[in-house]
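Q: I have a protein model on the screen and do not know how to read it. Could we take the features one at a time?

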Amino acid sequence: MAGLPLPEEFAERARDILSGRVEPVPARDAATVVVLRGGRRGPEVYLLRRKATMAFAAGAYVFPGGSVDPRDTDQAVAWAGPSPKEWGEVFGAEERGARGLVCAAVRETFEESGVLLAGPGPGSVVADTTGDEWEADRLALIDRSLSFADFLARRGLVLRSDLLKPWAHWITPEIEPRRFDTRFFVAVLPEGQRTRDVGGEADQVTWKRPVAALDLARRKEIFLMPPTHRTLTELSAFDTVEDVLAAPREIVTILPRAVEIDGQMRLLTS
């Protein structure tokens with residue numbers, strides 16, 4: 001039978017939404033970045049396990065990412081690489097919205113992994129983001145006392161949008177009480193930088209080959225949401241990080257939908 005069976009609480013909400021008794025919650029713009037590195041047996045991805053107390057995707061293994069901060073659309077963000085207009089054409093977004101998505105991608109990756117896709121100029125990248133001053137800035141970004149534009153300006157850095165590759169576009173199903181309109185990117189861990197367990201929304205971080213993560217999910221040792229599972233499945237087809245970056249991508253919006261099949265509500269992702 002097609003699709004994923006829905007728990008009863010979601011099944012009832014799905015019926016209410018399909019019948020028009022309940023209006024879906026609007027989806028918030030968000031960005032997710034698959035951070036890659038070359039491994040002995042092929043590409044590896046950086047995954048975080050969200051704390052069990054989180055309101056969304058509790059306990060799931062996910063890529064770094066989060067909602068767009070309204071300040072992410074600030075024109076003052078120093079920029080190098082494809083322009084917001086070009087990113088908007090790729091993702092089907094207005095220029096201002098595209099600027100916010102790319103800034104959120106870089107900001108959230110730094111907040112959740114310590115990896116910063118920025119440098120002193122268009123041909124350079126920060127070599128090390130460890131140390132007390134970097135950590136203070138990371139925490140200030142998280143509590144929103146520091147904007148991303150001000151963070152870059154204070155350190156004399158420019159965002160490197162050319163270090164990102166567009167990968168996918170997923171929208172949370174209408175049956176969810178918290179919804180996100182998420183653009184997926186991939187990026188390579190910059191030379192000299194390293195991820196670290198930075199805490200916050202995650203209680204565990206790990207590097208895994210895509211096929212290994214999928215195997216753990218198959219054995220129910222870890223939980224993957226459909227977008228993460230699909231992305232890992234796609235990445236498992238590549239032998240090197242360079243192959244991932246060279247792969248052509250057509251960004252197609254995926255909005256999983258609830259349908260009733262033989263009296264059971266199921267979620268279809270295609």
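A: We start with two aromatic residues: Trp 87 and Phe 185 are both buried. Keep in mind that this is a predicted model.

Q: How are the rings of Trp 87 and Phe 185 placed relative to each other?
A: A pair of aromatic rings is described by how far apart the centres are and by the angle of the planes. For Trp 87 and Phe 185 the centres are 5.4 Å apart and the planes stand at 55°, so this pair is tilted. Trp 87 belongs to helix H2 and Phe 185 to strand S10, so the pair ties together parts that are 98 residues apart in sequence.

Q: What is the arrangement of Trp 134 and Phe 151?
A: Their ring centres lie 6.2 Å apart with the planes at 75°, so the pair is edge-to-face. The pair links distant parts of the chain, with Trp 134 in helix H4 and Phe 151 in helix H5 (residues 148–155), 17 residues apart. Trp 134 and Phe 151 are both buried. Ring pairs also join Trp 134 and Phe 151 with Phe 110 and Phe 148 in a cluster.

Q: Which residues does Asp 137 contact, beyond its neighbours within four places in sequence?
A: Asp 137 sits in helix H4 (residues 132–142). With those neighbours left aside, Asp 137 is in contact with Leu 146, Phe 151, Arg 154 and Arg 155. With one of these, Arg 154, the Asp 137 side chain makes a polar contact, side chain to side chain, at 2.3 Å.

Q: Is Asp 137 buried or exposed?
A: The cut-off for buried is under 20% relative accessible area. Asp 137 has 6%, so this residue is buried.

Q: How many salt bridges are there in the structure?
A: The structure holds 21 salt bridges. To read one, look for the two partners, then for the distance between the closest N and O atoms, as with Glu 44 and Arg 37, where that distance is 2.7 Å. Next, check the accessibility of each partner. Glu 44 is buried at 17% relative accessible area, whereas Arg 37 is partly exposed at 31%.

Q: How many residues apart are Glu 95 and Arg 99 in helix H3?
A: They are 4 residues apart in H3 (residues 95–113), which means that about one helical turn separates them. Glu 95 and Arg 99 form a salt bridge, with their closest N and O atoms 3.8 Å apart. Glu 95 is partly exposed, at 41% relative accessible area, while Arg 99 counts as buried at 7%.

Q: What is the N to O distance in the salt bridge of Asp 215 and Arg 219?
A: It is 2.2 Å. Asp 215 is partly exposed, with 25% relative accessible area, and Arg 219 is partly exposed too, with 41%. Elsewhere, salt bridges that share partners join Asp 69, Arg 71, Asp 72, Arg 107, Glu 108, Glu 111 and Arg 144 into one network.

Q: In what sense do strands S2 and S10 pair, parallel or antiparallel?
A: Strand S2 (residues 28–39) and strand S10 (residues 180–188) pair in the parallel sense, over 9 bridges. To see the register, find residues that face each other: Ala 31 stands opposite Arg 183 in S10.

Q: What about S2 and S3: which way do they run, and how many bridges join them?
A: S2 and strand S3 (residues 42–50) run antiparallel and are joined by 4 bridges. Gly 39 has Gly 42 in S3 as its bridge partner. The connection from S2 to S3 is a hairpin through 2 residues. S2 also pairs in the antiparallel sense with strand S5 (residues 65–67), over 3 bridges. There, Ala 30 has Ser 67 of S5 as its bridge partner.

Q: Which residues of helix H7 are buried?
A: In H7 (residues 226–235), the buried residues are Pro 227, Thr 228, Thr 231, Leu 232 and Leu 235. They cover an arc of only 130° around the axis, which puts them on the same side of H7.

Q: Where does Pro 82 lie?
A: Pro 82 is in the loop between strand S6 (79–80) and helix H2 (84–91). Pro 82 is partly exposed, with a relative accessible area of 30%. Not counting residues up to four places away in sequence, Pro 82 touches Trp 87, Ser 161 and Asp 162.

How values were computed
Residues are numbered from 1 along each chain as its sequence is written. This is a predicted model: local features need pLDDT of at least 70, side-chain atom pairs count only at pLDDT 80 or more; totals for chains, interfaces and linings use all residues. Side-chain values use heavy atoms; hydrogens and water are left out. A salt bridge is a side-chain nitrogen of Lys or Arg within 4 Å of a carboxyl oxygen of Asp or Glu. Buried means under 20% relative accessible area, exposed over 50%, partly exposed in between (1.4 Å probe, protein chains only). Two strands pair if DSSP finds at least two bridges between them. A polar contact is a pair of N or O atoms within 3.5 Å; within protein, one must be able to donate a hydrogen and the other to accept it, and residues adjacent in sequence count only if both atoms are side-chain atoms. Contact means heavy atoms within 4.5 Å. The arc is that of the directions from the helix axis to the C-beta atoms. Rings of Phe, Tyr and Trp (its six-membered ring) pair if their centres lie within 6.5 Å; planes under 30 degrees apart count as stacked, over 60 as edge-to-face and the rest as tilted.
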